[in-house]
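Subject: Handing over a structure

Dear colleague,

I am passing on the structure we spoke of, and below it you will find a summary of what turned up when I went through it. Please read the text with the model open beside you.

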Amino acid sequence: MPLREGLRLQGKGHPGRNGGPCGDLYIEIGVELSTTFKREGNNVYLKVQINAIDAALGCTITVPTVQGNVEMEINEGTQYGQKYRLRGKGIKDLRTKIYGDQYVIIEVITPTNLTKEEKLSLIYPGTPESEEDYNVYYNCNVVLFYIYFT
(Lines give C-alpha, C1' and ligand atoms only; values in the text may rest on other atoms or scores of the structure.)
Protein backbone atom coordinates (compact mmCIF):
# COMPACT_ATOMS: atom_id res chain seq x y z
CA MET A 1 0.00 0.00 0.00
CA PRO A 2 1.64 3.25 -1.08
CA LEU A 3 2.04 6.26 1.20
CA ARG A 4 0.32 9.34 -0.22
CA GLU A 5 1.10 12.93 0.59
CA GLY A 6 -0.28 16.13 -0.92
CA LEU A 7 1.45 19.43 -1.58
CA ARG A 8 -0.24 22.75 -2.41
CA LEU A 9 1.61 25.61 -4.11
CA GLN A 10 -0.44 28.81 -3.96
CA GLY A 11 -0.53 30.93 -7.11
CA LYS A 12 1.47 28.41 -9.19
CA GLY A 13 -1.44 26.93 -11.12
CA HIS A 14 -3.10 28.02 -14.37
CA PRO A 15 -3.82 31.73 -14.92
CA GLY A 16 -7.26 32.84 -13.79
CA ARG A 17 -10.10 33.77 -16.16
CA ASN A 18 -10.35 37.30 -17.48
CA GLY A 19 -6.96 38.28 -16.03
CA GLY A 20 -7.65 36.84 -12.58
CA PRO A 21 -4.92 35.57 -10.31
CA CYS A 22 -3.26 32.23 -10.95
CA GLY A 23 -4.81 29.22 -9.30
CA ASP A 24 -3.16 26.80 -6.93
CA LEU A 25 -1.07 23.84 -8.03
CA TYR A 26 -1.82 20.59 -6.20
CA ILE A 27 0.83 17.86 -6.30
CA GLU A 28 0.16 14.36 -5.01
CA ILE A 29 3.21 12.33 -4.10
CA GLY A 30 2.99 8.56 -3.75
CA VAL A 31 5.70 6.31 -2.34
CA GLU A 32 5.53 2.55 -2.89
CA LEU A 33 6.67 0.39 -0.01
CA SER A 34 9.74 -1.69 -0.79
CA THR A 35 9.57 -5.47 -0.93
CA THR A 36 13.34 -5.60 -0.29
CA PHE A 37 13.85 -3.14 2.56
CA LYS A 38 11.98 -2.54 5.80
CA ARG A 39 12.16 0.94 7.29
CA GLU A 40 11.96 1.88 10.96
CA GLY A 41 12.54 5.60 11.42
CA ASN A 42 15.74 6.44 9.54
CA ASN A 43 17.10 2.90 9.84
CA VAL A 44 16.70 0.30 7.10
CA TYR A 45 16.54 -3.48 7.58
CA LEU A 46 17.37 -6.11 4.97
CA LYS A 47 17.37 -9.92 5.14
CA VAL A 48 20.16 -11.66 3.22
CA GLN A 49 20.45 -15.40 2.65
CA ILE A 50 23.85 -17.12 2.63
CA ASN A 51 24.76 -20.79 2.59
CA ALA A 52 26.03 -22.67 5.64
CA ILE A 53 29.61 -22.93 4.34
CA ASP A 54 29.87 -19.15 3.83
CA ALA A 55 28.43 -18.63 7.31
CA ALA A 56 30.94 -21.03 8.85
CA LEU A 57 34.04 -19.85 6.97
CA GLY A 58 33.17 -16.19 6.38
CA CYS A 59 32.91 -14.46 3.01
CA THR A 60 32.36 -11.14 1.24
CA ILE A 61 28.92 -10.39 -0.18
CA THR A 62 27.41 -7.55 -2.18
CA VAL A 63 24.51 -5.96 -0.34
CA PRO A 64 21.95 -3.56 -1.82
CA THR A 65 21.40 -0.33 0.11
CA VAL A 66 19.13 2.63 -0.64
CA GLN A 67 22.29 4.45 -1.78
CA GLY A 68 23.61 1.64 -4.03
CA ASN A 69 25.42 -1.68 -3.63
CA VAL A 70 28.23 -2.12 -1.08
CA GLU A 71 30.65 -4.95 -0.28
CA MET A 72 30.22 -6.42 3.19
CA GLU A 73 32.37 -8.89 5.13
CA ILE A 74 30.59 -11.81 6.78
CA ASN A 75 32.60 -13.04 9.78
CA GLU A 76 33.34 -16.73 10.20
CA GLY A 77 30.95 -18.49 12.54
CA THR A 78 27.99 -16.28 11.61
CA GLN A 79 24.71 -17.61 13.00
CA TYR A 80 21.14 -17.44 11.68
CA GLY A 81 19.56 -14.11 12.63
CA GLN A 82 22.85 -12.33 13.30
CA LYS A 83 22.72 -8.59 12.52
CA TYR A 84 25.41 -6.56 10.80
CA ARG A 85 25.34 -2.75 10.89
CA LEU A 86 26.21 -0.59 7.91
CA ARG A 87 26.73 2.81 9.50
CA GLY A 88 25.28 5.76 7.57
CA LYS A 89 23.60 3.64 4.86
CA GLY A 90 20.03 4.34 5.96
CA ILE A 91 17.63 7.22 5.28
CA LYS A 92 18.74 10.85 5.64
CA ASP A 93 16.91 12.78 8.35
CA LEU A 94 15.42 15.94 6.82
CA ARG A 95 15.93 18.03 9.94
CA THR A 96 19.37 16.96 11.15
CA LYS A 97 20.80 15.89 7.76
CA ILE A 98 22.22 12.76 9.48
CA TYR A 99 21.85 9.37 7.82
CA GLY A 100 20.40 6.39 9.65
CA ASP A 101 21.96 2.92 9.55
CA GLN A 102 21.21 -0.19 7.55
CA TYR A 103 21.00 -3.47 9.41
CA VAL A 104 21.63 -6.67 7.48
CA ILE A 105 20.02 -9.74 9.04
CA ILE A 106 21.63 -13.01 8.01
CA GLU A 107 19.55 -16.06 7.14
CA VAL A 108 21.71 -19.18 6.87
CA ILE A 109 20.33 -21.62 4.31
CA THR A 110 21.25 -25.28 4.64
CA PRO A 111 20.99 -27.54 1.60
CA THR A 112 18.11 -30.00 1.39
CA ASN A 113 17.39 -33.08 -0.76
CA LEU A 114 21.06 -33.83 -1.35
CA THR A 115 22.11 -36.73 -3.53
CA LYS A 116 24.53 -39.32 -2.16
CA GLU A 117 27.38 -37.78 -4.15
CA GLU A 118 26.63 -34.31 -2.81
CA LYS A 119 26.58 -35.64 0.76
CA LEU A 120 29.93 -37.34 0.22
CA SER A 121 31.45 -34.18 -1.20
CA LEU A 122 30.36 -32.28 1.92
CA ILE A 123 31.77 -34.94 4.24
CA TYR A 124 35.00 -35.38 2.27
CA PRO A 125 35.61 -32.15 0.32
CA GLY A 126 37.93 -32.45 -2.64
CA THR A 127 37.31 -36.17 -3.08
CA PRO A 128 35.87 -37.92 -6.13
CA GLU A 129 32.11 -37.88 -6.39
CA SER A 130 31.29 -41.47 -7.33
CA GLU A 131 30.70 -44.18 -4.71
CA GLU A 132 33.40 -46.41 -6.21
CA ASP A 133 35.99 -43.65 -6.01
CA TYR A 134 34.77 -42.86 -2.50
CA ASN A 135 35.42 -46.46 -1.40
CA VAL A 136 38.97 -46.31 -2.78
CA TYR A 137 39.55 -42.96 -1.04
CA TYR A 138 38.09 -44.18 2.23
CA ASN A 139 40.04 -47.46 2.21
CA CYS A 140 43.30 -45.64 1.42
CA ASN A 141 42.76 -43.34 4.40
CA VAL A 142 42.10 -46.27 6.69
CA VAL A 143 45.26 -48.07 5.57
CA LEU A 144 47.34 -44.91 5.91
CA PHE A 145 45.79 -44.23 9.27
CA TYR A 146 46.63 -47.75 10.44
CA ILE A 147 50.19 -47.60 9.14
CA TYR A 148 50.79 -44.17 10.61
CA PHE A 149 49.74 -45.08 14.15
CA THR A 150 51.25 -48.58 14.43
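**What was found**

Gly-23 is found in the loop between β1 and β2, and with a relative accessibility of 27% it counts as partly exposed. Before going further with this loop, please keep in mind that the model is a predicted one. Although Gly-23 and Gly-13 are ten residues apart in sequence, their C-alpha atoms are 4.5 Å apart in space. The loop between β1 and β2 is also the place of Asn-18, which has a positive phi of about 55 degrees although it is not a glycine. Asn-18 counts as exposed because its relative accessibility is 86%, and the cut-off for that class is over 50%.

To set this loop in context, the protein has 150 residues, of which 21% count as buried, and its secondary structure consists of three helices and eight strands. Read from the N terminus on, the order of the elements is β-β-β-β-α-β-β-β-β-α-α.

The two strands on either side of that loop share a further feature, a nonpolar patch on the surface to which β1 (3-9) and β2 (25-31) each supply at least two residues. The patch is formed by Leu-7, Leu-9, Leu-25, Ile-27, Ile-29 and Val-31, which together have about 430 Å² of accessible area. Which strand gives the most to the nonpolar patch? That strand is β2, with four residues. From strand β1 comes Leu-9, and this residue counts as partly exposed because its relative accessibility is 33%.

Turning from the surface to the interior, in soluble globular proteins nonpolar side chains tend to be buried together. In this model the largest nonpolar core has 16 residues, and those with the most contacts inside it are Ile-50, Ile-61, Val-63, Met-72, Ile-74, Val-104 and Ile-106. Strands β4 (43-51), β5 (59-65), β6 (68-74), β7 and β8 each supply at least two residues of this core, and the largest share, four residues, comes from β4.

Two of these core residues also face each other across a strand pair, since Ile-61 stands opposite Met-72 in β6. Strands β5 and β6 run antiparallel and are joined by seven bridges, and they form a hairpin with two residues between them.

A second antiparallel pair is made by β7 and β8 (residues 102-109), which four bridges join. Are the two faces of β7 covered or uncovered? In this strand, residues 83-86, Tyr-84 and Leu-86 make up the covered face, whereas Lys-83 and Arg-85 make up the uncovered one. Lys-83 has Ile-105 as its bridge partner in β8.

The loop between β7 and β8 holds two lysines that deserve a separate word. One of them is Lys-97, a residue other than glycine whose phi is nevertheless positive, near 65 degrees. Lys-97 counts as exposed because its relative accessibility is 53%. The other is Lys-92, which has its place in the loop between β7 and β8 as well and is partly exposed, with a relative accessible area of 37%. Lys-92 and Asn-42 are 50 residues apart along the chain, and yet their C-alpha atoms are separated by 6.6 Å.

Finally, a word on the cysteines. How many disulfides does the structure hold? The number is zero. Cys-59 is buried because its relative accessible area is 17%, and the cut-off for buried is under 20%. Cys-22, by contrast, counts as partly exposed, with a relative accessibility of 39%.

If you have time for a short look, I would begin with the loop that holds Gly-23 and Asn-18, between β1 and β2, then go on to the nonpolar patch that β1 and β2 supply, and end with the core to which β4, β5, β6, β7 and β8 contribute.

With kind regards

Conventions:
Residues are numbered from 1 along each chain as its sequence is written. This is a predicted model: local features need pLDDT of at least 70, side-chain atom pairs count only at pLDDT 80 or more; totals for chains, interfaces and linings use all residues. Side-chain values use heavy atoms; hydrogens and water are left out. Patches are made of residues with over 30% relative accessible area and no salt bridge: like charges are joined within 9 Å, nonpolar side chains (Val, Leu, Ile, Met, Phe, Trp, Tyr) within 5 Å. Accessible areas come from the Shrake-Rupley method with a 1.4 Å probe; for residues, only the protein chains shown count as cover. A salt bridge is a side-chain nitrogen of Lys or Arg within 4 Å of a carboxyl oxygen of Asp or Glu. Buried means under 20% relative accessible area, exposed over 50%, partly exposed in between (1.4 Å probe, protein chains only). Two strands pair if DSSP finds at least two bridges between them. A disulfide is a pair of cysteine sulfur atoms within 2.5 Å. A nonpolar core is a set of buried Ala, Val, Leu, Ile, Met, Phe, Trp, Tyr and Cys residues joined through side-chain atoms within 4.5 Å.
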